[in-house]
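Please prepare a briefing on the structure shown below, with the cut-offs behind each term stated where the term is used. Group the points by topic, for a reader who works in computational chemistry.

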Amino acid sequence: MIIVFKKDAAKADIDHVQNRLEQFGFKTSMSETNGRAILGAIGDERILREKPLFAMPGVEKVVPISKPYKLVSSDFKKTETVIDIKGVKIGGGNVVVMAGPCSVENRDMLMYLAERTSKAGARILRGGAFKPRTSPYAFQGLGEEGLKYLREAADAHNMLVITELMDPRDMDLICKYTDIIQIGARNMQNFRLLKDLGTVRKPVMLKRGLAATMKELLMAAEYVAAGGNDDIILCERGIRTFETETRNTLDLSAIPVLKSMSHLPVVADPSHGTGRRDCILPMSQAAVAAGADGLIVEVHQCPEEALSDGDQSILPDDFDVLMKRLNIIAETIGRKLTTA
Ligand code: PEP
Ligand code: MN
């Protein structure tokens, strides 16, 4: 349920309503839209049937929400969420690109890729130090050594770091080095992990599960928000369909649909979304044209030698072309590619 307060509502009246709801066992969360206080209350709405909330001073409207996701829904917050990380804004008309290798393989490759991708305008360096591999015999990532290289390379080129957290036991370690915590498709419904993410003060990028509906993605985000962390980015990374020409089917329609269901920023991952190098440029263009707030793209200086996902990694020269195209597309639809 959402309680919208009058524009001139007194703080004491707002606090009173919040306290009453908490007494009834509701979990509450305050936000503000157009100068009005908005209180989200999560709990059993049947309890409130007999309670005259509307009659309480300062209250303008009481809106029941029947959707299972509440805090992340566009009903709860009418304005788009903008996440500001050290001055890089994600959401709200900006288009931000995250780029780098699938896995951190060694220091030199990362220093080189950070230099090339930042020069082209990427503001966030990606790279996995803990890798969720289908085979237990495949390269599993460098662990903390990889995190150190990520931080060093990003700092050297004024970039932010995004890297994947797979296990709640690695939370403190990952938080020490990263600016954004990536939750991979295979962990989208790891509820223990999602609960823990609610308690950290770092933005989280949640990747859509291989077979997850948009509603399930939003429910996963709701776990994080309900735990107290509102800085969530949604990522469409392709879903499993009957098609075998592509690794996954990048669901472009999820971009506008998620943006209408939720106030959270939505980015697209054409690399995992298609699994094919020749699809990265066209699908990146399409995702930005469809309204994505950003992209996450795998780039490697020698894809044929990559320890993971070489088939879908583009070369730094291709990335230069991609960024130039995105700049044109963003401008055409009245948005801005953040490159510095
Ligand atoms: C990745 O970004 O390298 C990755 C493993 O992604 P996903 O979880 O979407 O498969
Ligand atoms: Mn990958």
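In this predicted model, the manganese ion (ligand 2) has as its protein donors Cys102 (SG), His272 (NE2), Glu298 (OE) and Asp309 (OD), which lie 2.0 to 2.4 Å from it; donors are N, O and S atoms within 2.8 Å of the metal (3.2 Å for Na, K and Ca), and since water is not among the atoms, sites may look incomplete. Local features need pLDDT of at least 70 and side-chain atom pairs count only at pLDDT 80 or more, whereas totals for chains, interfaces and linings use all residues. Residues are numbered from 1 along each chain as its sequence is written, chains are lettered from A and ligands numbered from 1 in the order in which they are written, and side-chain values use heavy atoms, with hydrogens and water left out.

**Manganese site**

- Along the sequence, the donor residues of the manganese ion (ligand 2) follow the spacing C-x169-H-x25-E-x10-D.
- Cys102 sits in the loop between E7 and H2 and Asp309 in the loop between strand E14 (294-298) and H10, so the pair ties together parts that are 207 residues apart in sequence; helices (H or I, at least four residues) and strands (E, at least two) are DSSP runs, numbered from the N terminus.
- Cys102 and Asp309 are both buried, where buried means under 20% relative accessible area, exposed over 50% and partly exposed in between (1.4 Å probe, protein chains only).

**Helix H2**

- The 14 residues of helix H2 (residues 107-120) should span 20 Å at 1.5 Å a residue, and the end C-alpha atoms are 20 Å apart, which agrees; the expected span is 1.5 Å times one less than the number of residues.
- Among the buried residues of H2 are Met109, Leu110, Leu113 and Arg116, and the buried residues of this helix pack against strand E7 (94-100), strand E8 (124-126), helix H3 (144-156) and helix H10 (316-332), with contact meaning heavy atoms within 4.5 Å.
- At the start of H2, a side-chain oxygen of Asn106 comes to within 3.2 Å of the backbone nitrogen of Asp108, while the helix is followed by Gly121, whose phi is positive, near 120°.

**Salt bridges**

- The structure holds 23 salt bridges, each being a side-chain nitrogen of Lys or Arg within 4 Å of a carboxyl oxygen of Asp or Glu.
- Within helix H2, Lys119 forms a salt bridge with Glu115, the closest N and O atoms being 3.6 Å apart; Lys119 is exposed, with a relative accessible area of 67%, and Glu115 is partly exposed at 32%.
- Arg208 forms a salt bridge with Glu236, with the closest N and O atoms 2.7 Å apart, and this pair links distant parts of the chain, 28 residues apart.
- Arg208 is buried, with a relative accessible area of 4%, and Glu236 also counts as buried, at 1%.

**Nonpolar cores**

- The largest nonpolar core has 75 residues, of which Leu197, Leu206, Ile232, Leu234 and Phe319 touch the most other members; such a core is a set of buried Ala, Val, Leu, Ile, Met, Phe, Trp, Tyr and Cys residues joined through side-chain atoms within 4.5 Å.
- Helix H6 (residues 214-226) contributes the largest share of this core, seven residues.
- A second, separate core of 16 residues includes Met1, Ile14, Phe24 and Met56.

Definitions and conventions: Polar contact = N/O pair within 3.5 Å; in protein donor to acceptor, adjacent residues only side chain to side chain.
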